Amino acid sequence: TTLLLARTVTDAPYPDAVGTGIVIRPDSGRPTIDSGRPIIETFSTVTDTEGNYTLEVEADTEDDFITLEAQGTGDQENALLTSTVGSVGSLQEVGTSGSIIVDSGDAGSLTVTHITTAQDELVRRLNGGVLPTTDAELAALRSQVNGAELLTLASVIKTVIDNPGVVDLPAGINNTLELIQNEQVFDEFLVELISDPLLNDLLVTATQETAEQLNIGFSPDEIPGRLYAALRDDSPLTGSAYVFDFGDNGDGSFSFYRGTSDIIWALNADGEVEVSPTDPVFLFESFPTCSYPGKIGTQCRALTFLDAVRIIRLTNGLVYDQVFVLSTTRTTYPDDPLPDEIVEGIPDAQSVYLAFGNDGILPVTPADVAGDEIAAYYFHQDNNSIGVNDPRQGADFLTFNPDGTGSTARRGFGFTWLIGADGSLTVNFDNGDRTQYVVFSEDGDVAQV
């Protein structure tokens, strides 16, 4: 079978890049490439001035597996990008009926980018250091890719490629693929980028542009009635999560660590969910140094509120999606003639959340908690200012008695507890506060909630 593959090597155009199609036959007993997979043959082409390519590939069976590589030239000679396409059979299925011409509009993996390269590397790590050789393996592994790591790797690749002569690869590293495959060197290189103000600015720009390219817009029928969002790489006992209840008419409510609010929400043209609290949610009080005439060098009282939240989907998983949850905050100075300061959140690895509906919950049973002392975080419900050490919120050890009562070890609060029909655990404290725990991941005695 002859397949004519057509697509682009991008983010920016890569003129005269050498494109290579690698055809692999699993268990063929033929010579192997570095990844340890049997290789049949390679086929090469050169991109045009816009980075577009056409590549003719010969394959024998529908199980033959195709990967793509693109090596830059000239100023972009340090760019080596990859994309795992999939089986010949899957490509023929997405092509026009009766045709063996497969174009980018049908198979996105034919586009070779910094994002596909980063995704390939994370898939390789998940698969014991080798890339998969079947469509089923590829799909399963891609669903497990950490969105924060994907953003970081892809953004660093883009920073290097977009800034030749300014951002140089570390000594001994020849191209961007070698960079991300050497985890120790990559981590050291990332620290160098962040530590240099100029290079960090370039990295931030690359990260924002990459986040926009990762966006997989929601459609209206994909918005669940309830959406949970928990930090992808949350530290233990920080309790950083959101619960959004989306009404059918653009109304609803949401809860997070500072309280609750009614909301209005809508999908924008890019498929992003835009959420606005009907009453701005108070976040914290601070006392920064003032800098206006008559009060230079003294402290001003500042109040910061949450004005809006934007949800951007970057991966579509089998159990949960991965999303950016970006907050827009407003800081006011009630005692001083200073203008409000609006800060819009920008996508980065720290703003990646796991998002799931009720079907993503792991149900809690009485046997999971009754008679146990469990380390957990709980919150004060009021949106009014409270100190970070206020006893009404924080990490503690909660003892769950079999009779539905309990107490906290550090603060001595009493509470009652119950398990809802959805499998969530609700704790009602004696002071009137209520905390709901939803489990979405378990590893031995540790649960993510």
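A residue is called buried when its relative accessible area is under 20%, exposed when over 50%, and partly exposed in between, using a 1.4 Å probe and protein chains only. By that criterion, 47% of the 449 residues of the protein chain count as buried.

The model is predicted: local features need pLDDT of at least 70, side-chain atom pairs count only at pLDDT 80 or more, and totals for chains, interfaces and linings use all residues. Residues are numbered from 1 along each chain as its sequence is written, and side-chain values use heavy atoms, with hydrogens and water left out.

**The whole chain**

Begin with the protein chain in a cartoon view, which contains eight helices and 25 strands. Helices (H or I, at least four residues) and strands (E, at least two) are DSSP runs, numbered from the N terminus. A contact means heavy atoms within 4.5 Å. Among contacts in the protein chain between residues at least 6 apart in sequence, 56% join residues at least 24 apart.

**Helix H2**

Select residues 114-126, which form helix H2. The expected span of a helix is 1.5 Å times one less than its number of residues. For the 13 residues of H2 this gives 18 Å, and the end C-alpha atoms are 19 Å apart, which agrees. At the N-terminal end, Thr113 acts as a cap, with a side-chain oxygen 3.0 Å from the backbone nitrogen of Ile115. Just after the helix, Gly128 has a positive phi of about 75°.

Ten of the 13 residues of H2 are buried, so the helix is largely enclosed by the rest of the structure. Among these buried residues are His114, Asp120, Glu121 and Arg124. To see what covers them, display strand E6 (80-87), helix H3 (135-142), H4, helix H5 (176-181) and H7, which are included in the covering.

**Helix H4 and the largest core**

Move next to helix H4, residues 147-162. Its 16 residues should span 22 Å at 1.5 Å a residue, and its end C-alpha atoms are indeed 22 Å apart. At the start of H4, a side-chain oxygen of Asn146 comes within 2.8 Å of the backbone nitrogen of Ala148. H4 is mostly covered, with 13 of its 16 residues buried.

A nonpolar core is a set of buried Ala, Val, Leu, Ile, Met, Phe, Trp, Tyr and Cys residues joined through side-chain atoms within 4.5 Å. The largest such core has 48 residues, and those with the most contacts inside it are Ile66, Val156, Leu179, Phe186, Phe189, Leu193 and Phe324. H4 gives the most to this core, with nine residues. Apart from it lies another core, of 23 residues, which includes Leu227, Phe244, Phe256 and Leu283.

Select Phe324 and show its surroundings: beyond four places in sequence, its contacts include Leu151, Ala211, Ile312, Pro347 and Val352.

**Two residues in helices H5 and H7**

Thr176 lies in helix H5. Is Thr176 buried or exposed? Its relative accessible area is 0%, so Thr176 is buried. Setting aside neighbours within four places in sequence, Thr176 is in contact with Asn78, Ala79, Leu80, Leu81, Ile157, Val160, Ile161 and Leu169.

For a contrast, select Leu198 in helix H7 (residues 197-214). Leu198 counts as exposed because its relative accessibility is 52%. Leu198 and Val167 are 31 residues apart in sequence, and their C-alpha atoms are 9.9 Å apart in space.

**Tyr242 and the aromatic residues**

Now select Tyr242, in strand E9 (residues 241-246). Tyr242 has a relative accessible area of 7% and is therefore buried. Beyond four places in sequence, Tyr242 touches Leu227, Tyr228, Ala229, Phe254, Ser255, Phe256, Val325, Ser327 and Tyr353. Its side chain makes a polar contact with that of Ser327 at 3.4 Å. A polar contact is a pair of N or O atoms within 3.5 Å; within protein, one must be able to donate a hydrogen and the other to accept it, and residues adjacent in sequence count only if both atoms are side-chain atoms.

Rings of Phe, Tyr and Trp (its six-membered ring) pair if their centres lie within 6.5 Å; planes under 30 degrees apart count as stacked, over 60 as edge-to-face and the rest as tilted. The whole structure holds 14 aromatic pairs. In one of them, Phe244 and Phe246 are stacked, 5.7 Å centre to centre with 5° between the planes. Both Phe244 and Phe246 are buried. To view one aromatic cluster, select Tyr242, Phe244, Phe246, Phe254, Phe256, Trp265 and Tyr353.
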